[in-house]
Amino acid sequence: MTAPAAGVQMYDAKAAMSETPGLTASARSGAADLCPVANQTAPTQTVYLPNITKTLGGATGWVTPFIVQNTGTVATALEVSFYKFSDGSCVARRTVSVLGPGTSFADVPNNDADLPGDTQFSVVVKSFGSTIVSVVNEQSGTGARAEALSYNGVSSGATTVSLPNIVRRFFGFHTPFIIQNLGTSATTATATFRPFAGGASVQVVRTIAPGQSQFVEPNIESVLTDGTQYAVTVTATQPVAVVVNTHNDDPTVDKPVAYATDGIAAGAETVYGPYAAKNANDAGFAGTTSTVVVQNLGSGAATPTIAFRQLGGGTLTTFTGPSVASGAAWVFDPRYQNGVAGGTLCGTAAAPGCLGDGEYSFSVSAPAANLTAAVNVISASTAMGYIALAQAGQKLFVPNVTRTLGGTTGWTTPILLQSVTARSASVEWRRFSDGQLMVTQNVSFALGSAMRIDPRSVPGLTDDTQYAVTIMGTDGTVAAIVSELNFLGGDGTMAYEGFAAP
């Protein structure tokens with residue numbers, strides 16, 4: 001993470017902590033032994049969070065609330081351990097005694113008396129009794145300089161991780177990324193940068209202790225070139241996880257924006273994007289457009305096809321990309337004919353080789369290929385990003401969904417739900433404060449289409465409330481992302497991917 005902007009747009013820190021079922025007194029106030037001996041029992045599941053911060057950059061710097069959801073059918077206990085970036089030492093370890101099935105727990109580091117301020121951590125969450133998932137919200141700034149990013153925790157690392165879109169001073173953007181060593185011994189992590197435009201690859205190397213995280217900032221790596229996009233592959237001798245933070249927030253930038261995505265350990269022949277836009281009014285953010293960066297993870301060349309369908313249904317509009325070499329990437333920009341940035345600019349209406357203005361879902365595929373895609377959703381004052389889903393599921397979990405949290409202009413988090421093989425689904429909404437199932441919502445859609453589910457329009461839900469949500473395709477599989485929005489000014493948008501049931 002780069003130097004923070006002034007101020008912090010809190011994620012409702014007080015409410016998140018007060019609505020945390022099962023959090024022990026020592027976890028709230030800090031225990032005498034801040035990092036007691038870890039539970040020696042084999043955990044049911046472990047989730048890793050590579051980048052967690054408390055007041056990073058000062059009292060109003062970066063803060064990263066994180067949410068953990070129980071995805072099993074029985075209650076579970078959690079152990080949460082915080083390790084300093086600087087030396088890998090454990091500085092705090094706490095427990096959550098009981099987290100019910102389908103429910104979520106939230107931690108706000110700024111509220112944690114047992115954590116030092118102005119510090120960056122890697123976090124390990126162990127679950128004893130049930131499977132879990134986690135999402136992290138990274139936030140900084142106030143008013144017009146507010147920024148918000150979101151990424152998913154990972155439950156297992158990989159020795160090869162792909163990053164489709166890494167840039168150095170590219171139209172103001174840069175993409176620092178954080179590598180966490182999930183192994184049991186020190187590892188050498190090598191990041192290989194392959195320019196989109198072709199040419200020689202270059203490498204950046206980090207040595208990382210077990211459990212520790214280190215960052216790579218393209219803007220300060222002398223082997224990289226300004227104004228360049230790279231497809232990056234990180235290889236390591238131990239399993240690692242990677243988080244990419246994309247920023248355009250230098251002090252001279254009038255409207256700073258940022259977004260985050262996870263590194264990709266595995267792709268698929270077909271990947272799914274529940275949301276994309278071309279010059280759209282995205283929930284009030286005008287002029288929103290999405291570029292889609294497709295990376296070939298296979299050992300041979302692949303020719304991907306990207307297919308768009310308007311939200312709510314409609315006919316498919318397909319585009320065939322160029323042949324993409326192994327490890328390389330191709331970017332589709334819907335503002336231009338056939339997605340070729342800098343080519344013929346499309347009009348507002350659909351035309352040969354052009355999407356019409358509007359909101360879409362999409363898929364990317366190539367026969368027998370191994371693909372992934374990063375989706376960049378950007379307006380004049382906001383940015384959010386996510387990774388196209390390589391795994392649809394009949395059951396999905398979304399740990400953190402809110403309705404006007406903090407007031408009418410506070411956080412509201414619409415779900416973008418995409419049909420893969422399902423025509424209907426049920427959506428269960430459980431309240432954070434007590435785990436109570438508040439609403440079971442039944443929805444239907446055309447095969448292969450997507451819809452937006454806005455908590456503000458769901459009967460039975462209440463304002464200023466946080467929910468854990470479970471989605472079940474009643475007759476097939478679905479994919480989903482959550483778009484997290486506030487209307488307090490600045491870059492009040494972020495997104496994360498729904499989790500398929502384990």
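Strand S14 and strand S15 (residues 257-262) are joined by six bridges and run antiparallel, and within this pairing Asn245 has Ala260 of S15 as its bridge partner. The model in which these strands appear is a predicted one, and S14 is a useful place from which to begin reading it.

Strand S14 covers residues 228-248, and besides S15 several other strands pair with it. Strand S9 (residues 158-168) is linked to S14 by eight bridges in an antiparallel arrangement, with Thr160 facing Thr235 of S14 as its bridge partner. Strand S10 (residues 177-181) also pairs with S14 in the antiparallel sense, here over five bridges, and Asn181 has Val240 as its partner in S14. Strand S11 (residues 187-195) adds a further antiparallel pairing with S14, made of seven bridges, in which Thr192 stands opposite Thr233. As general background, the strands of a sheet pair through backbone hydrogen bonds, in either a parallel or an antiparallel way.

How much of strand S14 is buried? Of its 21 residues, 17 are buried, so the strand is largely enclosed by the rest of the structure; buried here means that a residue has under 20% relative accessible area.

A second region to follow is an open sheet of four strands, which are arranged in the order S16-S22-S19-S20 with antiparallel pairing. Strand S16 (270-278) and strand S20 (317-320) stand at its edges, and because each has a single partner strand, one side of each is left without a neighbour in the sheet. From one strand to the next, the twist averages 25°. Within this sheet, strand S19 (residues 305-310) and strand S22 (residues 358-365) pair in the antiparallel sense over six bridges, and Gln310 has Tyr360 in S22 as its bridge partner.

Turning to the chain as a whole, its secondary structure amounts to two helices and 33 strands. The radius of gyration is 21 Å, close to the 23 Å that the globule rule gives for 502 residues, so the chain is as compact as a globular protein of that length. Along the principal axes, the C-alpha trace spans about 65 × 55 × 45 Å. Among the 502 residues of the chain, 60% count as buried, while the accessible surface comes to about 17,100 Å², with 52% of that area belonging to carbon and sulfur atoms. Finally, of the contacts in the chain with a separation of 6 or more, 78% are between residues 24 or more positions apart.

Conventions. Residues numbered from 1 in each chain as written. Predicted model: local features only at pLDDT ≥ 70, side-chain atom pairs only at ≥ 80, totals over all residues. Heavy atoms only, no water. Pairing = 2+ DSSP bridges. Axes fitted to C-alpha atoms, helices over the stretch in contact; angles between N-to-C directions. Rg over C-alpha atoms; globule rule 2.2 N^0.38 Å. Buried < 20%, exposed > 50% of the residue type's maximum accessible area, 1.4 Å probe, protein only. Contact = heavy atoms within 4.5 Å. Areas by Shrake-Rupley, 256 points an atom, 1.4 Å probe, with all protein chains shown as cover.
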